[in-house]
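Take a look at the fold below and let's walk through it together, starting with a pair of charged side chains.

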Amino acid sequence: MQPDPRTDMPADDARPDLTAHDYLTAAADAVSRAASDGPVAVDPDVADFMGAFEDDALSETVALDSIVDWLADGAEGADHG
């Protein structure tokens, strides 16, 4: 039997198609395992599936202004927890 030229699989392959949910589940599992060794680049669709979100609570500008103000004030209160 000749393979299907679109997939290189036998034309009568009875394996079920991989759904988007199956792919995302497998990719999320692989990301979780890889992340135990350190930072991992993650496809945006997989990150979304895993519940990631963009942190917009503090803009970069506000964060930089805050540290500049803190340094200008002589880092008062730096030893307070």
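There is one salt bridge in this structure, which is a predicted model. The partners are Arg 33 and Asp 29, and their closest N and O atoms sit 2.4 Å apart. That falls inside the 4 Å cut-off for a salt bridge. Side chains of opposite charge can pair when their charged atoms come close. Both residues belong to helix 1, with a spacing of four residues, or about one turn of the helix.

How open to the outside are these two? Arg 33 has a relative accessibility of 52%, so it counts as exposed. Asp 29 comes in at 41%, and therefore counts as partly exposed; the line between those two classes is drawn at 50%.

Now for the helix that carries them. Helix 1 covers residues 20–35, and at 1.5 Å a residue its 16 residues should span 22 Å. The end C-alpha atoms are indeed 22 Å apart, so expectation and model agree. Which residues of helix 1 are buried? They are Leu 24, Ala 27, Ala 28 and Val 31. These four take up an arc of only 105 degrees around the axis, so they lie on the same side of helix 1. What they pack against is helix 2, residues 44–49.

Stepping back, the protein has three helices and two strands. Reading from the N terminus, the order is β-β-α-α-α. Helix 3, at residues 60–72, can be checked for length in the way used above: its 13 residues should span 18 Å at 1.5 Å a residue, and the end C-alpha atoms are 18 Å apart, which agrees. Just past helix 3 comes Gly 74, with a positive phi of about 80 degrees.

How much of the whole is buried? Of the 81 residues, 9% count as buried, with the cut-off at under 20% relative accessible area. The accessible surface adds up to about 7,100 Å², and carbon and sulfur atoms account for 55% of that.

Finally, a word on confidence. The mean pLDDT of the protein is 81, and 74% of the residues get to 70 or more. Where is confidence lowest, and where is it highest? The low end is strand 1 (residues 3–4), with a mean of 58, while helix 1 is at the top with 95. So the salt bridge we began with lies in helix 1, the element where confidence is highest.

How values were computed: Residues are numbered from 1 along each chain as its sequence is written. Side-chain values use heavy atoms; hydrogens and water are left out. Buried means under 20% relative accessible area, exposed over 50%, partly exposed in between (1.4 Å probe, protein chains only). Accessible areas come from the Shrake-Rupley method with a 1.4 Å probe; for residues, only the protein chains shown count as cover. The expected span of a helix is 1.5 Å times one less than its number of residues. The arc is that of the directions from the helix axis to the C-beta atoms. Contact means heavy atoms within 4.5 Å. pLDDT is the predictor's confidence in each residue, from 0 to 100. A salt bridge is a side-chain nitrogen of Lys or Arg within 4 Å of a carboxyl oxygen of Asp or Glu.
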